[in-house]
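Hello,

Here is the structure I promised to pass on to you. Please have a look at it first, and then read my notes below.

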Amino acid sequence: MEKIRRTTIKELLTHPSEHEGSKVDVKGWVRTRRGNKNVQFVALNDGSTIKNLQIVFDLSKISEEQLKQVTTGSSLHVQGLLVASAGKGQSVEVQADDFELYGTAPAETYPLQKKGHTLEFLREKAHLRPRTNTFGAVLRIRHALAFAVHKFFNDKGFYYFHTPLITASDCEGAGAQFQVTTLPLDNLPLTEDGKVDYSADFFGKMTSLTVSGQLEGELGATALGCIYTFGPTFRAENSNTPRHLSEFWMIEPEMAFYEIEDNMDLAEEFIKYCIGYAMEHCADDIAFLAEHFDKELPERLDFVLKNDFVRLPYTEGIKILEESGKKFEFPVYWGVDLASEHERYLVEEHFKRPVILTDYPKEIKAFYMKLNEDGKTVRAMDVLFPKIGEIIGGSQREEDFDKLNGRIQELGLTGMEWYLDTRRYGTVPHSGFGLGFERLVLFVTGMQNIRDVIPFPRFPNNCEY
C-alpha cells in the first residue's frame, strides 16, 4: 500500500470535484457486497456520514479468493482512483487498486447482517448498534445538538459551570436517588439506636448521585452572572416508560437578574437554535430517519422553528382542557400535575403551536420556585412540544430569604444552609431551566423510545456494558 493521506467518506462525497481523478485512501466497514464473476461492488462506510462510498473491485486485478472474507461488518483499508460513477445512487466511486483486510465479521456469528432488525433487538446489541445506519444517524445528530448547546451559550456570554455528581442534597425533594457508599453492605456499622452510622462512610455523611445540578448552578449564577451546566444526572425511579432513563444528561442554565419573562425568551431562543443547527448540519441523517421512521419529522421540526410559542397560565390551560369535551385517561382539575396527554392536547390540537405553561400551583412544584402574589401559584414555566409533552421545565427562583426559608421549613428539608446563603448575602432576582438532553434528541430524530437516543441506556434491571 502506498503512503497516502486518508480521506473520510464524508469529505469525498461532499467535495468530489476536489478529489476526482486522483488516487485516494479510504478506510471503513463493509455495509454490503454484491457483484458477478467480473466485478464486485462493496458499500463502505466509515461513520462520517450516513452515505456509503462504492468500492469497485475488478476481478481481473483482484481475485475473488482475495475478497472471500470481505463480508458485511468486516473492516477494510482501500486505495484506488476516485472516478465519476456510471451507476445509480452515487456520484463517485473508487476503482480499487489495492486493499487490506483489517478485521473479518463471519456471517454465522456477526449479528448485524443485511436485513431489517427491530429496535428492540438492537437494544440487546447496544455495543454494536452504533454501526447501523439508524444509530449512526442518531449519534451524529446527538453530537451536533451537544455542540450546538455549547456554542449557543458560549456565544451569549454564559460560562460552562461544572456541578458535582456526588451530592448530599436532593434538589427535587423526591428522594429517588442512587446512594453512594463505601460501607460494607453485608456488615453495616450501626449507631446506638440501630440506624446506619454514616459517619463511618467515605464522606462522613449520606451521599447520592445527583438528580440535578441546579442548586449548585445557582451558586455559580450569583457569582458569574449567567452559567450553564451540561452533564449526567441520575434518577432511581422504577419507570419503564419510553420517556424515562435512570441516567441521562441535563442542560441547566441559571441566570442572575433574569425575571420569568427573560427565562421564557431564553428557553424559546435556545431550543430553536439547537433544532435549527441540527437541521442545517445533519440534513442527510434527518432525511434518512424521516424516510424510515417518521415521515412527519421535517414538518414537525419546521413547525417549532417557524411558530412563536404560546404563553399560557396554568389556570387558563386547565379551563381549556375542561371545556375541550375530550375524554382523557387522567382526570383534569385545578391542582393536578398535567399528564403528557393533557400537554400534547394543548400543543397539537388546541393551539397547534408549542406552548409555555406558566404559574403552576405551588403544591406540585419544587420548593425553590418564586411565589406569586396570589399565594397559591409559583413562577414556573414548562415548555410543551408535539409528541413529547414537557421538554423544558424552569422557573424564577425565590430570592427572598424569609419566604424560601419558610418553604424549606414547611417541607422539612435539611442541610440547606449553604443554599440559603445565596439569599442572605446579596440576593438578586434570578431564573433558570432544565432541559433533558435525550428528550431534545428524541424530538429531533423522531425516534419513539428514549433508550434509542443514548449510546448505552440505563433503566430498571438493565446496566449492560
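**What I found**

Helix H12 is followed by Gly446, which has a positive phi, near 75 degrees. Before I go further, a word on the basis: this is a predicted model, in which local features need pLDDT of at least 70 and side-chain atom pairs count only at pLDDT 80 or more, while totals for chains, interfaces and linings use all residues. Residues are numbered from 1 along each chain as its sequence is written, and side-chain values use heavy atoms, with hydrogens and water left out. Helices (H or I, at least four residues) and strands (E, at least two) are DSSP runs, numbered from the N terminus.

**H12, E16 and H11**

H12 covers residues 437–445, and nine of its nine residues are buried, so the helix is largely enclosed by the rest of the structure. Buried here means under 20% relative accessible area, exposed means over 50%, and partly exposed lies in between (1.4 Å probe, protein chains only). The buried residues of H12 include charged side chains, Glu438 and Arg439, as well as Phe437, Leu440 and Val441.

Strand E16 (residues 430–436) is mostly covered too, with seven of its seven residues buried. In a regular strand, side chains alternate between the two faces of the sheet. In E16 both faces are covered: on one side sit His430, Gly432, Gly434 and Gly436, on the other Ser431, Phe433 and Leu435, and all are buried.

Which strands pair with E16? One is E11 (residues 247–256), antiparallel to E16 over five bridges, and another is E15 (residues 389–397), also antiparallel, joined to E16 by six bridges. Two strands count as paired if DSSP finds at least two bridges between them. To help you find the register, Glu254 stands opposite Gly432 in E16, and Arg397 stands opposite His430 in E16.

Helix H11 (residues 417–424) has Tyr419, Leu420, Thr422 and Arg423 as its buried residues. They cover an arc of only 140 degrees around the axis, which puts them on the same side of H11; the arc is that of the directions from the helix axis to the C-beta atoms. What covers them includes helix H4 (214–224), E15, helix H10 (401–411) and E16, where contact means heavy atoms within 4.5 Å. After H11 comes Gly426, again with a positive phi, near 70 degrees.

**Salt bridges**

How many salt bridges does a search of the whole structure find? There are 26, each being a side-chain nitrogen of Lys or Arg within 4 Å of a carboxyl oxygen of Asp or Glu.

- Glu2 and Lys23 meet through their side chains at 2.7 Å, N to O. This pair links distant parts of the chain, 21 residues apart: Glu2 is in the segment before helix H1 (9–14) and Lys23 is in strand E1 (residues 23–35). Glu2 is partly exposed, with a relative accessible area of 47%, and Lys23 is partly exposed at 31%.
- Asp285 and Arg140 meet at 3.0 Å, N to O. Here too distant parts of the chain are linked, 145 residues apart, with Asp285 in helix H6 (residues 283–292) and Arg140 in helix H3 (residues 133–155). Asp285 and Arg140 are both buried.
- Glu259 pairs with Arg379, the closest N and O atoms being 3.7 Å apart. Glu259 lies in the loop between E11 and helix H5 (260–281) and Arg379 in strand E14 (residues 377–385), 120 residues apart. Glu259 counts as partly exposed at 31% relative accessibility, as does Arg379 at 22%.
- Asp265, Glu268, Lys272 and Arg311 are joined into one network by salt bridges that share partners.

**A barrel and a helix pair**

Five strands close into a barrel in the order E1-E2-E3-E5-E4, with mixed pairing. From one strand to the next, the twist averages 55 degrees. Within the barrel, E1 and E2 (residues 39–45) run antiparallel and are joined by six bridges, with Val30 opposite Leu44 in E2.

Finally, helices H8 (residues 314–322) and H9 (residues 340–351) pack at an angle of about 75 degrees, their axes 11 Å apart. Axes are lines fitted to C-alpha atoms, for helices over the stretch in contact, and angles run from 0 to 180 degrees between N-to-C directions. H8 and H9 are therefore roughly perpendicular to each other (65 to 115 degrees; under 35 counts as roughly parallel, over 145 as roughly antiparallel, and the rest as oblique). Gly317, Ile320 and Leu321 of H8 make the contact with His342, Tyr345, Leu346, His350 and Phe351 of H9.

Best wishes
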